[in-house]
Amino acid sequence: MPLATTRRTGLVDQVIGQLRDAIAQGEWPIGQRIPTEPALAESLGVGRNTVREAVRALAHSGLLEVRQGDGTYVRATSEVSGAIRRLCGSELREVLGVRRALEVEAARLAATVRTDDELAIIRALLDQRDEAYRAEDIETYVRADTEFHLAVVRAGHNELLTELYRGILEAVTASVAATTRPHLPETEAIGHRGLLAAIAAGDADRAMAEAAGFLDELIREA
């Protein structure tokens, strides 16, 4: 399908959106080289710098792969599949290890100092996560799971820990995507109800054990 001409506001974001839609709809299949930068700029009615920034952003998210001297190729059809392709093996284990170091302490703090409002947010995000899993809406599941863990970290009221966690949030999202098994029965999937219960009960030791337990399982499987 032809790409629509963009408006003059938020050009980079608009181009990112249009290229993402074209990829998702199969305009350029995985492994195919997309049109050149000048061709895209002409069809979209924007400057080459705008196209270059949009392509760079999509390459960073894993949808595109820029091969110097050869062109830009489609690598995945969504950010989730791109994350899975980008994060695997020893790198995944390293990310999970860093998550363990931060999330176990965050769980302890959350169980100790969380507020009722923060607990309600954590519970709502976990409900959203589990509902998305049942509906096999993996995009929503990955986003809700990541937001759940960030909400737990925030509930610990340690600003430095929160900033450290936010600094690796993209890697956290990628690790969630890479370790998600969408076709398992819900009873066999990684669950966080025990962690929620421990935080709600103010049981710091149990919260730490729950956070360490599921991450240790993921590390063993990585």
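Where is the place of His157? You will find His157 in the loop between helix 7 and helix 8 (159–167). This is a predicted model, in which local features need pLDDT of at least 70, side-chain atom pairs count only at pLDDT 80 or more, and totals for chains, interfaces and linings use all residues. Residues are numbered from 1 along each chain as its sequence is written, and side-chain values use heavy atoms, with hydrogens and water left out.

Let's start with the overall fold. The chain has eleven helices and two strands, where helices (H or I, at least four residues) and strands (E, at least two) are DSSP runs numbered from the N terminus. Their order along the sequence is α-α-α-β-β-α-α-α-α-α-α-α-α. The C-alpha trace spans about 60 × 35 × 30 Å along its principal axes.

Of the 222 residues, 43% count as buried; buried means under 20% relative accessible area, exposed over 50%, and partly exposed in between (1.4 Å probe, protein chains only). Taking contact to mean heavy atoms within 4.5 Å, 69% of the contacts between residues at least 6 apart in sequence join residues at least 24 apart.

Now back to the loops, where two residues other than glycine have positive phi.

| Residue | Phi | Loop | Relative accessibility |
|---|---|---|---|
| Glu136 | near 60 degrees | between helix 6 (116–134) and helix 7 (138–154) | 52%, exposed |
| His157 | about 60 degrees | between helix 7 and helix 8 (159–167) | 46%, partly exposed |

Glu136 counts as exposed because its relative accessibility is 52%, while His157, at 46%, counts as partly exposed.
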